[in-house]
Amino acid sequence: MLKGRHVIEPGNLSVQEIDEICSLAEQIIVDPVSFQDVCRGKILAALFFEPSTRTRLSFEAAMLRLGGTVEGFADASYTSTSKGESLADTIRVVSSYADVIAMRTPKEGAAFLASKYSACPVINAGDGGHFHPTQTLTDLLTIRSLKGSYENQTIGFCGDLKFGRTVHSLTQAMCRYPKNKFVFISPKELKVPDYMIENILKPSGVEYVEAERLEDVMGDLDVLYMTRVQKERFFNEQDYIRLKDSYILDREKMKLAKNDMIVLHPLPRVNEIQPDVDDDPRAAYFKQVKYGMYARMALIAKVTGSL
């Protein structure tokens, strides 16, 4: 069903397809040896126009563990785009060499544009403040694995909800499952964008509230999704300095949470989760990293037609 498909935003995948990808990822987790050659002879082009550690290495590790190979770049200044080559031409060239492209860019909509010129599937690895569908698959796989379901959950998103593409993507995905509720915790300047409310939340009919204090809602949450305030998204450094420490999760705040709540974070963190939380069994953000590799393995196998 997914062979040859572009994955630009979570809405490109049906609920059934998400379930298939997560089920395949769970099979890979249980028996990785059985999948070590399924992409033998296939090439992943990792085009990262924006700095990344986890996402880039996760994609590369995923393809290598499937038996494929990787080409690409982690610094666009070493590519022909620095000479003025258009994105369309770059994609035309790269897709002549590769079987699948994973692309990160600071420009919103660039992944969609790339999909129009690519001869192979394009997977959006993050486009500005827009969407990050493979992080969403990571989050869904983590929630299903640790909470047993991605239905009937109260999910709190905390921090930068204006520019946080992982927040936008996961909200869009979780709106499609029954009985989920959302709590958006942020300062007014970083509240969830109006287009998310008007185009996704209201049409879905889901229950949601907005809050400014994490302590006021902590005890209601099944999942707490922390985010950092992203310096690179601000035009005014003074605004960043004023808002960067708005929310800091520590051991004292964790005392207010349910015993089975889990804490997620797309990483990297700065100081929004204190190290004293890391040893709490509810801290799941490093488990989340590994689930991300398995989710990308499953997606790559599907879009390349390997499985």
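**Close-up views of a predicted model**

**View 1. Strands β3 and β4 and the helix between them.** I101 stands opposite V122 in β4. The chain reaches β4 from β3 by way of helix α4 (residues 110-117), and the β-α-β crossover made in this way is right-handed. The model shown here, as in every view that follows, is a predicted one. Strand β3 (residues 100-105) and β4 pair in the parallel sense, with 4 bridges between them. Buried residues make up 6 of the 6 positions of strand β4 (residues 122-127), so this strand is largely enclosed by the rest of the structure.

**View 2. Strand β1 and its pairing with β2 and β3.** Strand β1 (residues 43-48) is mostly covered, since 5 of its 6 residues are buried. Its pairing with strand β2 (residues 69-73) is parallel and comprises 5 bridges, and within this pairing L47 stands opposite F73 in β2. The connection is made by helix α2 (residues 54-65), and β1, α2 and β2 together form a right-handed β-α-β unit. β1 also runs parallel to β3, to which 5 bridges join it; here L44 stands opposite V100 in β3. As background for reading such strands, side chains in a regular strand alternate between the two faces of the sheet.

**View 3. Helix α1 and its buried side.** Helix α1 (residues 15-30) has 16 residues, which at 1.5 Å a residue should span 22 Å, and the distance of 23 Å between its end C-alpha atoms agrees with this expectation. In α1, the buried residues are E17, I18, I21, C22, L24, A25 and I28. They lie on the same side of α1, because the arc they cover around the axis is only 160 degrees. The spacing can be read against a general rule: an α-helix has 3.6 residues a turn, so residues three or four places apart point the same way. The packing partners of the buried residues of α1 are α5 (133-147) and α11.

**View 4. Surroundings of L307.** L307 is placed in the segment after α11 (285-303). Not counting residues up to four places away in sequence, L307 touches L24, F35, V38, A301 and K302; of these contacts, L24 is one of the buried residues of α1 shown in the preceding view. What is the exposure class of L307? L307 counts as partly exposed, because its relative accessibility is 44%, a value that falls between the limits of under 20% for buried and over 50% for exposed. As a distance reference, the C-alpha atoms of L307 and V94 are 23 Å apart in space, while the two residues are 213 residues apart in sequence.

**View 5. The open sheet of 5 strands.** The strand order in this open sheet is β7-β6-β5-β8-β9, with parallel pairing. The edges are occupied by β7 (207-211) and β9 (262-264), each of which has a single partner strand, so that one side of each is left without a neighbour in the sheet. On average, and with direction ignored, neighbouring strands of this sheet are turned by 20 degrees against each other. Strand β5 (residues 154-158) and strand β8 (residues 223-226) run parallel and are joined by 4 bridges, and the bridge partner of G156 in β8 is L224.

**View 6. Helices α6 and α7 against the sheet.** Helix α6 (residues 165-174) packs on the sheet, where it touches β5, β6 (181-185) and β8, and its direction makes about 165 degrees with that of β5. Helix α7 (residues 194-204) lies across β6 and β7 and runs at about 140 degrees to β7.

**View 7. Backbone details in three loops.** The peptide bond from L267 to P268 is cis, with omega near 5 degrees, and P268 is found in the loop between β9 and α11. N152, in the loop between α5 and β5, has phi near 55 degrees, which is a positive value in a residue other than glycine. Is N152 buried or exposed? N152 is exposed, given its relative accessible area of 53%. A positive phi, near 65 degrees, is also found for K179, again a residue other than glycine; K179 sits in the loop between α6 and β6 and is exposed, with a relative accessible area of 66%.

Methods: Residues are numbered from 1 along each chain as its sequence is written. This is a predicted model: local features need pLDDT of at least 70, side-chain atom pairs count only at pLDDT 80 or more; totals for chains, interfaces and linings use all residues. Side-chain values use heavy atoms; hydrogens and water are left out. Helices (H or I, at least four residues) and strands (E, at least two) are DSSP runs, numbered from the N terminus. Buried means under 20% relative accessible area, exposed over 50%, partly exposed in between (1.4 Å probe, protein chains only). Contact means heavy atoms within 4.5 Å. Two strands pair if DSSP finds at least two bridges between them. A crossover is right-handed if, with the strands pointing away from the viewer, the path from the first strand over the helix to the second runs clockwise. The expected span of a helix is 1.5 Å times one less than its number of residues. The arc is that of the directions from the helix axis to the C-beta atoms. Axes are lines fitted to C-alpha atoms, for helices over the stretch in contact, and angles run from 0 to 180 degrees between N-to-C directions.
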